[in-house]
Amino acid sequence: MIRRLSGTSFASSVSTKLFILTFLSVVIAFLLTAFFGYQRLFEPIRQNNEKTLQGSVVQVENYIKTLMNVLQSQLLFLSNPVLYDKLEESDYVRLFDDMMTYHQDQIHSIYLIENDKVRISAPYGYRFVMAPGRIGEIRSQTAAPGIWWSAPYQIGERAIITVAKRIDRNRVVALDLDLSTLTGPQIVQNEPRRIYLFTGDGEYLSTNTYLAHPKTYLDHLEMKEKLAAIARTGSNAYSDVQTSHGSYAVLSSNQNRWDWVVFSVIEESQAFPLLETLRRQALLIVLLAIVLAVIVSGWITSYIRKPVIQITRQFKAAARGDLDARIHLKRSDEFTLIAAGFNRMMGNLRSLFDDLREAEEKKRHHELKVLHSQIHPHFLNNTLNAVYCLGETGQTKDMCDMIQFLMGLLQYSTDKVGDIVTVEDELRQLEGYARIMELRYGAVFEMDVAVPADYYQAPIPKLTLITLVENSIFYGLGQPDVNHIIVTAMRKETGGVLIEVSDTGPGIDPGKLRALMEEGDAQSPYRGLNNLGLRSVQERLRMTFGYPHGLHFQMEPEGGLRVTVHLPEYGPERQNGGQRGEQDVEAADGR
């Protein structure tokens, strides 16, 4: 039943349009059902084409038999003792080379065994790589009269079969045949067929399939498994094979002396061309029958589809956090009511979110600046105590250096000019801080700074590197070995600068590190320069430069912790990063 909704007319009701569209869809479904009726013709056509397809397998087997007979004749000729005794060794070598040249695609190697050694071979170097066990097997198998055919075996990626004939008691001539040539392009030319060769036990030998394309290679792997199962059953007829890449008609035969199974594989659409012709004709008829329904329903579908797409797109944008998403429709149906309600809701959310964000950013920015400007009293007390001890012990130069470095740190930390400085400024103060810690704790750590001058003008929040180095020093105080701290820099492939602070200390347990980053900075038994910790540094970086930037941690396999600081790209406008004022900081925080 179709009900009229208040505020909309019957003609503009979505329910009416949906009813018409559903009616036309049912009509089209009946036409498609009639289209699939052509399937009844499939079996008769398939049976008429099977005999024709079977001839392709016979063609391959005939080629194999012909090639093997030719090679067998050549082997009989070379194993003639009269020929061997009358010819010079150089002439016999030339015969080998000529045979290799004439059958270069089929023969892998040809060689003469005399007294358990390879005397002559083509190619020449083959005599030096042939295993004694293989030589012994060939001599043993050719003890009886006749030609010996070995079972297929692998040399590298190729399947090889050895054919050998005894000349006399001490001499055997043999050749190795490359089985991949038995399914080469000379067999099937300008035909969309794939040839596979298997042993009767289901062992794969070769194929003419072009395996360079990834999709074809994956299809080849599936096809090998299915054809191996067919070969083991001994089936010698037509089969249907289904892979994840298509449906195939497979014909097989093993009417040869080597008990090999030859498979001819072709796509079903190409195996039964008459069936494909009928399918195209049926499809054309159905398309002509429904073209009128498509024209009529096209306008109705478009009328409903356009607003649905627009509403869906804006809802997805809102779900991603885009509070500026709005729906603009010029209609007089239910979609207009939905759009108006959505727009009012997004307007209210935008106002509320702006107020909350502004208040939160101001609060957090103030908190970080307060932490940033505070010098921990324990740090001052311990440092001044160290200065006093240096004075008492007469180490005047070290005392003056410590006072100078401390004054620089105090001025740098409490400077109100700006929170963003250059990497060069940060490294300069880092060296002074490291000197103070060295004078306080002794040679418990070593610090190397290997930052190229190209990255000196990159912007970085003040005290970032000092906090990371301080963390490495304090966590390494308890270990017996000297903690080696390295500060390096490099450029990101995707743009930006990476600064790494690594140490050889005990590292941080992943659970403890997660607690530091999620629950806040734990109180250290040592008192550092100020109250900034890893979490505070992370938040300052992301508030200043955006979420993709910040800290990334990696535990070293040999021990220690590597902290990577992701900084943005910098240009000429960053050259005076250390002189930025508070307004520049606030602008950076709003990015």
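Visitor: Which residues do ring pairs link into a cluster?
Guide: A word on the model first: it is predicted, local features need pLDDT of at least 70, side-chain atom pairs count only at pLDDT 80 or more, and totals for chains, interfaces and linings use all residues. Residues are numbered from 1 along each chain as its sequence is written, and side-chain values use heavy atoms, leaving out hydrogens and water. Rings of Phe, Tyr and Trp (its six-membered ring) pair if their centres lie within 6.5 Å. Linked by such pairs, the cluster consists of Tyr 196, Phe 198, Tyr 204 and Phe 263.

Visitor: Over which ring does the charged end of Lys 224 sit?
Guide: A charge sits over a ring if NZ of Lys or CZ of Arg is within 6 Å of the ring centre and within 35 degrees of the ring normal. The charged end of Lys 224 is 4.5 Å from the centre of its partner ring. That ring also belongs to the cluster linked by ring pairs. Lys 224 sits over Tyr 204.

Visitor: And how far is Arg 194 from the ring centre of Tyr 248?
Guide: Here an arginine lies over the face of a tyrosine. From Arg 194 to the ring centre of Tyr 248 the distance is 5.4 Å.

Visitor: Are the rings of Tyr 441 and Phe 474 stacked or edge-to-face?
Guide: The count of aromatic pairs comes to 11. In this one, the ring centres are 6.4 Å apart and the planes of Tyr 441 and Phe 474 stand at 80 degrees. Planes under 30 degrees apart count as stacked, over 60 as edge-to-face and the rest as tilted. The pair of Tyr 441 and Phe 474 is therefore edge-to-face.

Visitor: Which of these two residues is buried, Tyr 441 or Phe 474?
Guide: Buried means under 20% relative accessible area, exposed over 50%, and partly exposed in between (1.4 Å probe, protein chains only). Tyr 441 has a relative accessible area of 26%, so this residue is partly exposed. At 9%, the buried one is Phe 474.

Visitor: How many salt bridges does a search of the whole structure find?
Guide: A salt bridge is a side-chain nitrogen of Lys or Arg within 4 Å of a carboxyl oxygen of Asp or Glu. Some of them join up: Glu 89, Glu 114 and Arg 119 are linked in a network. For the whole structure the search gives 14.

Visitor: Which helix holds both Arg 134 and Glu 137?
Guide: Their side chains meet in a salt bridge, 2.8 Å from N to O. Arg 134 is buried at 18% relative accessible area, while Glu 137 is partly exposed at 33%. Helices (H or I, at least four residues) and strands (E, at least two) are DSSP runs, numbered from the N terminus. The two residues are 3 residues apart, about one helical turn, in α5.

Visitor: How far apart are the closest N and O atoms of Glu 424 and Arg 428?
Guide: Both residues lie in helix α12 (residues 423-441), 4 residues apart, about one turn of the helix. Glu 424 is partly exposed at 28% relative accessibility, and Arg 428 is partly exposed at 45%. The closest N and O atoms in this salt bridge are separated by 3.6 Å.

Visitor: How many residues apart in sequence are the parts tied together by Arg 491 and Glu 569?
Guide: The two side chains form a salt bridge of 3.2 Å, N to O. Arg 491 belongs to strand β15 (residues 483-491), whereas Glu 569 is in the loop between β18 (561-567) and α16 (582-589). In sequence, the parts this pair ties together are apart by 78 residues.

Visitor: Is Leu 463 buried or exposed?
Guide: Leu 463 is in the loop between β14 (459-461) and α13. Its phi is positive, about 70 degrees, although this residue is not a glycine. With 1% relative accessibility, Leu 463 counts as buried.

Visitor: Which residue is joined to Ala 122 by a cis peptide bond?
Guide: The omega of this bond is about 5 degrees. The partner lies in the loop between β2 (117-122) and α5. The residue joined to Ala 122 is Pro 123.
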